[in-house]
Amino acid sequence: MPVECYLDVEEGVTPLLGAEELELCCEAALEHEGVTRDCMVSVSYVSESRMRELNARWRDVDAPTDVLSLECERPDDPDLAPDEPCELGDIVLAPDYVARQAASFGTTPADEERLLVVHGMLHLLGYDHLDEAAAEEMEDLEMEVLGRVATDGTLTRVVLTRHREEEDA
């Protein structure tokens, strides 16, 4: 179940994880969910101003955010041929925002990005956190997937998926 990550880094933006580690986080999510089909994911690192534009366009929220996930195909799509790779979709990250957020949650910037990559992958696989039960399920899955990758050890139980606060605003 190889995953190909296509990276796009906006000029002047520095990712918090290397390409190999990013791919390992994506693979861990797919493996945890039992996905055996080859998958492709586009990962973009953008500035906060660009993230604000994307967030306004896709979610009608005129503010930057840490991560956006834009789903394309699902691995179990019956329209995909058995040997055809799945184009899961796009994950967009704003590393400067993520680094600041990490400080407020007591995590390292790299651990925060690991969490958000896993969070983004779970969204691409169909999970969401629109209500309390779904949020708790997604938090449990995030911790299980993160247990499969090396971290800096600063990620403890994810309490109320970080995006819950944003939804209440």
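Which residue is the bridge partner of E71 in β4? In this predicted model, the partner is G89. The pair belongs to the junction of β3 with β4 (residues 86-93), where the two strands run antiparallel and share 5 bridges.

These strands are part of an open sheet of 4 strands. The strand order is β1-β2-β4-β3, and the pairing is mixed. β1 (3-9) and β3 (67-71) form the edges. Each has a single partner strand, so one side of each lacks a neighbour in the sheet. From one strand to the next, the twist averages 20 degrees.

At the other end of the strand order, β1 pairs with β2. The two run parallel and are joined by 7 bridges. V9 has Y45 of β2 as its bridge partner. β2 itself is mostly covered, with 6 of its 7 residues buried. In a regular strand, side chains alternate between the two faces of the sheet.

The loop between β3 and β4 contains C72. Leaving aside residues up to four places away in sequence, C72 touches E87, L88 and G89. G89 is also the bridge partner of E71. A separation of 14 Å is found between the C-alpha atoms of C72 and Y127, which lie 55 residues apart along the chain.

Helices pack on the sheet. Helix α1 (residues 19-32) touches β1, β2 (39-45) and β4. The direction of α1 makes about 135 degrees with that of β1. α4 also packs on the sheet, with contacts to β2, β3 and β4. The direction of α4 makes about 140 degrees with that of β4.

Helix α4 (residues 109-124) also packs against helix α5 (residues 132-146). The angle is about 120 degrees, and the axes lie 10 Å apart. At that angle, α4 is therefore oblique to α5. The crossing is right-handed. On the α4 side, the contact is made by R114, L115, V118, H119, L122 and H123. On the α5 side, M138, L141, E142, V145 and L146 take part. By class, this contact comprises 7 nonpolar, 2 polar and 2 charged residues.

α5 is also met by α1. The axes of α1 and α5 come within 9 Å and cross at roughly 115 degrees. α1 passes α5 in a right-handed crossing. C25, A28, A29 and H32 of α1 contribute to the contact, together with L141, E144 and V145 of α5. The class count is 5 nonpolar, 1 polar and 1 charged. L141 and V145 of α5 thus appear in the contact with α1 and in the contact with α4.

One backbone feature concerns D60. Most residues other than glycine have a negative phi. D60 is not a glycine, yet its phi is positive, at about 55 degrees. D60 sits in the loop between α2 (48-59) and β3. Is D60 buried or exposed? D60 has a relative accessible area of 71%, over the 50% cut-off, so this residue counts as exposed.

Note on methods. Residues numbered from 1 in each chain as written. Predicted model: local features only at pLDDT ≥ 70, side-chain atom pairs only at ≥ 80, totals over all residues. Heavy atoms only, no water. Axes fitted to C-alpha atoms, helices over the stretch in contact; angles between N-to-C directions. Parallel < 35°, antiparallel > 145°, perpendicular 65-115°, else oblique. Left-handed = near helix turned anticlockwise from the far one by under 90°. Contact = heavy atoms within 4.5 Å. Nonpolar A, V, L, I, M, F, W, Y, C, P; charged D, E, K, R; others polar. Pairing = 2+ DSSP bridges. Buried < 20%, exposed > 50% of the residue type's maximum accessible area, 1.4 Å probe, protein only.
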